Amino acid sequence: MSDIFQVPIFLFLLQGLRVTLTIAGAAILMSLVFGTILAVLRNHGGFWGHLAAVYIEAVRNAPLLLFILAFRFMTPLPPVYAGIVAMTVFETAALAEIVRGGLKSIHKGQWEAGATQGFNKIQVLRYIVLPQAIHNVIPPLVSQFTTIIKDTSYVWAVGIEDLTGKGMIIMGRYTTAAQVFTLFGLIAAIYFVINYSISCYARRRHQRMAKAIY
Amino acid sequence: MPGPFAAFKWEALLSDWNVFAEGFGMTIAVSVLALLLALVLGIAFGMMGTEKSRLFRLVNRCYVELIQNTPLVIQIFFLYNGLPYIGIQLPIFWVGMLGIGVYHGAYAAEVVRAGILSVPKGQFEAAMAQGFSYRDTMRHIILPQAKRLAYPPLTNLAVNLIKNTSVMAMIAGGDLMYHADSWASANLYYGPAYVVTGLLYIAICFPLATYAKHLESKLEVSV
């Protein structure tokens, strides 16, 4: 036990955690933006809508690991950037479908009411429809965010030293069952604390917002 | 320098098609068995989550929260690298099946729980009043109704499960992704290998995902 709970080991894992959170955070932010754009396009239909649909269906039906390998080995990007781009490309499709679910939940009357008030289409979307749509899908959105944080561990497959990677590197130094199990428990606990607090926070926020509205 | 998708690379892939076929077969086998395991676990733990007994509900919460909030990769590594330290050396196929089945079982449990909770309480009471035992009530009255609501998310779950079998590539698991990656890194013909692999995954996942959407839209109409 005491040979694992040491400052240098925590610092080493912390470096990995920084990589995990950098990749996950960047991927979440960018795929939320791109995903919303694709969702709006697909919801709107037409040529661009069809193109968005093809992208979404092709990407979300292939595994994340495939994109991580492809961007790592087929582009000249530095490893961490390849990881961020691969995850953004993949998660954009997932988030687009979630946001589109929200868009579909908004009644047509909202568009019409906005139009009668002199808003143009973009303004209705920006100020009336999207805020409500996103609000309606906060629970699945947040659960996808935690999935993104967890799935960042796939980048260890191409040698990016995220929390999982750093953990596995230290793992090689230990030989007894107690040490290895403790280390696994420690790594899992770090992921657990982050993801569990995010989902609890989101659940509470959402309940409070729901109460404030109705 | 030849491009990443040069013709001779495709020819090389075509002549090694059995490598990909073998991986594809492994991916399907693991997916089917892991899905069965996930469903069994999902129904068992999902039912526990709707029980009056606090102990059952606690077991449900522990399983769901612990599994859903830690990465599949860590869980697979634990089965593969951790268990041998206490003398349990599972064959690679079992590591994949158990790890992926248990991970998605936690998601299935939440779906099943939500499905059961969506059935009005009166259904349960009416069945009990008719002399049904708890088991028969669940089997003949509650679960068939819960199933309707649970089907679309469970189909989506199957898609995620199939995609996540690719985690086996990280432990040399012999699945499609592993074979594609090792074939590609042996001869550096990444382009064709990844395109074909992607298409093979899409070939199974796209019909399933479309079916899930169809089920969802049917549900919307009937509700």
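Reader: How many residues of chain A are in contact with chain B, and how many of chain B with chain A?
Author: This is a predicted model, so let's take the two chains as the prediction places them. On the chain B side, 31 residues take part, and on the chain A side the count is 30.

Reader: Which helix gives the most to the side of chain A that touches chain B?
Author: Several helices chip in with at least two residues each: α2 (46-60), α3 (64-74), α7 (138-151), α8 (163-171) and α9 (177-213) of chain A. The top contributor supplies 10 residues, and that is α9(A).

Reader: And by class, what is on that side of chain A that touches chain B?
Author: The side of chain A that touches chain B has 5 polar and 2 charged residues. The nonpolar count there is 23.

Reader: What ipTM does the predictor give the complex?
Author: For the complex, the pTM comes out at 0.92. Chain B averages a pLDDT of 92, with 98% of the residues scoring at least 70. The ipTM for the complex is 0.91.

Reader: Moving inside chain B, are α3(B) and α5(B) parallel or oblique?
Author: Helix α3 (residues 54-68) and helix α5 (residues 92-118) of chain B have axes that come within 9 Å and cross at roughly 125°. Perpendicular would need 65 to 115 degrees and antiparallel over 145. That crossing angle therefore makes α3(B), relative to α5(B), oblique.

Reader: Is the crossing of α3(B) and α5(B) left-handed or right-handed, and how many nonpolar residues has the contact?
Author: As α3(B) passes α5(B), the crossing is left-handed. From α3(B) come N60(B), Y63(B), V64(B), I67(B) and Q68(B), and they meet α5(B) residues including V102(B), Y103(B) and E110(B). By class, the contact of α3(B) with α5(B) has 1 charged residue, 2 polar and, for nonpolar, 8.

Reader: Where is A172(B), and is A172(B) buried or exposed?
Author: A172(B) lies in the loop between α7 (134-164) and α8 (176-187) of chain B. Its phi is near 55°, a positive value in a residue other than glycine. Most residues other than glycine have a negative phi. Because A172(B) has 12 C-beta neighbours inside 10 Å, A172(B) counts as exposed.

Reader: What is the phi of L188(B), and how many other C-beta atoms lie within 10 Å?
Author: L188(B) sits in the loop between α8 and α9 (190-222) of chain B. The phi of L188(B), not a glycine, is positive, near 65°. L188(B) is exposed, because the number of other C-beta atoms within 10 Å is 11.

Technical notes:
Residues are numbered from 1 along each chain as its sequence is written. Chains are lettered from A and ligands numbered from 1 in the order in which they are written. This is a predicted model: local features need pLDDT of at least 70, side-chain atom pairs count only at pLDDT 80 or more; totals for chains, interfaces and linings use all residues. Axes are lines fitted to C-alpha atoms, for helices over the stretch in contact, and angles run from 0 to 180 degrees between N-to-C directions. Helices (H or I, at least four residues) and strands (E, at least two) are DSSP runs, numbered from the N terminus. Angles under 35 degrees count as roughly parallel, over 145 as roughly antiparallel, 65 to 115 as roughly perpendicular and the rest as oblique. A crossing is left-handed if the near helix is turned anticlockwise from the far one by less than a right angle, and right-handed if clockwise. Two residues are in contact if their C-beta atoms, placed from the backbone, lie within 7 Å. Ala, Val, Leu, Ile, Met, Phe, Trp, Tyr, Cys and Pro count as nonpolar, Asp, Glu, Lys and Arg as charged, and the others, Gly among them, as polar. pLDDT is the predictor's confidence in each residue, from 0 to 100. A residue is buried if 20 or more other C-beta atoms lie within 10 Å of its own, exposed if 12 or fewer, and partly exposed in between; C-beta atoms are placed from the backbone.
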